[in-house]
Amino acid sequence: MSDLNYTVELVPPDIEPYRAGNTGVEYVTTFEARQAGPHVLITALTHGNEICGAIALDRLFQAGVRPRRGRLTLAFNNVAAYHEFDARYPIASRYVDEDFNRLWSPATLDGPRQSTELARARALRPIVDAADLLLDLHSMQYATAPLMLAGLLPRSRDLARRVGIPELIMCDAGHAAGPRMRDYGGFGDPASSKTALLIECGQHWERRSAEVATDVMLRFLIAVGSVHPEDVAGIGGPDFNAHAKQRVIEVTEAVTISSDRFDFADDYRGLEVLPEKGSLIGHDGDRDVRTPYDNCVLIMPSRRLVRGQTAVRLGRFVD
Ligand SMILES: [Zn+2]
């Protein structure tokens, strides 16, 4: 399997010390403050080969960070896939049976199907149900700028702005193949006050993605009031007060593959802006896929071009 010659610069941390945890669910640890406050959940390894999040959580554990108020829960999600990680075939360990991040609807979680990922999602569901705020740490196939995925609700977009990094905030509805954890339950409900963000930190195995994961995690914890900047200064490289100008991309559609063969018209890596409406993006079987409007942004073109999955998302800068 080709991995585009990306070097695996990151070393997957040993997460065995976190297996027992203290919640009754393996690889889930929770800390409670005396002062009341929100329940914050930080998750890594939703995809088993996205090791930057595991590094960020490991750093948080090693630094002994505790919440000043409320509760802080740290979870390693798809541990079974992570344990299959092999630096020679780093792309292979995204999941064992199916994508953990397409299972988050009550119908699927309560349904009769069985898989490694469904078993893990079902075990984690009470943890996710109990959280008020979620940050899910991910990385991407191509080395493009980090992207905060804020979903469709204004309160999530507001939280992304309070976190202050990265520069790009993407607002989208997810995938036809199934809902993500960040869209599950109250996180996707306009009537709820729960809020979730998903950060795509950069290319899966570049050193910088671990720094982005750490910085975003710390800024998230500061933004929601779990910690003070001085509590985490020892593991943060960032200037916590620096706020870049952030831009928002609204995703208008996901291109879902409907044939047995999908090819891109060019070697897209993501965040290309195609100026003219009608520009050719690729071919889905015999069908041309073209941009629906001027200045269309291509977001996270996939290398797993399989029927029913998302090939690429399309959006535009709105801010
Ligand atoms: Zn991911």
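This report walks through the zinc site, the nonpolar cores and one buried histidine of a predicted model.

## The zinc site

Let's start with the metal. The zinc ion is coordinated by ND1 of His47, two OE atoms of Glu50 and ND1 of His138, at 2.1 to 2.4 Å. Along the chain, these donor residues follow the spacing H-x2-E-x87-H. Histidine 47 sits in the loop between β2 and α1, while histidine 138 belongs to strand β4 (residues 133-140), so the two join parts that lie 91 residues apart in sequence.

The geometry deserves a look if you plan to work with this site. Angles subtended by the four donor atoms run from 57 to 146°, so the arrangement is irregular. Histidine 47 is buried, at 4% relative accessible area, and histidine 138 is buried too, at 1%.

## The nonpolar cores

The largest nonpolar core holds 53 residues, and those touching the most other members are Ile42, Phe76, Leu135, Leu197, Met217 and Phe220. Helix α6 (residues 207-223) is the biggest contributor to this core, giving eight residues. A second, separate core has 19 residues, including Leu124, Val128, Ala131 and Met181.

For a closer view, take phenylalanine 220: beyond its neighbours within four places in sequence, its contacts are Val40, Ile42, Leu133, Leu134, Leu135, Leu159, Val163 and Leu197.

## Histidine 39

Histidine 39 is part of strand β2 (residues 35-44). With 12% relative accessibility, histidine 39 falls under the 20% cut-off and so counts as buried.

Its side chain comes to 3.0 Å from the backbone oxygen of alanine 130. Setting aside neighbours within four places in sequence, histidine 39 also has contacts that include Thr30, Arg71, Thr73 and Asp132.

Definitions and conventions: Residues numbered from 1 in each chain as written. Predicted model: local features only at pLDDT ≥ 70, side-chain atom pairs only at ≥ 80, totals over all residues. Heavy atoms only, no water. Helix = DSSP H or I, 4+ residues; strand = E, 2+ residues; numbered from the N terminus. Buried < 20%, exposed > 50% of the residue type's maximum accessible area, 1.4 Å probe, protein only. Polar contact = N/O pair within 3.5 Å; in protein donor to acceptor, adjacent residues only side chain to side chain. Contact = heavy atoms within 4.5 Å. Core = buried A, V, L, I, M, F, W, Y, C linked by side-chain atoms within 4.5 Å. Donors = N, O, S within 2.8 Å, 3.2 Å for Na, K, Ca; no water. Tetrahedral: all angles 85-135°; square planar, octahedral: opposite > 155°, others 65-115°.
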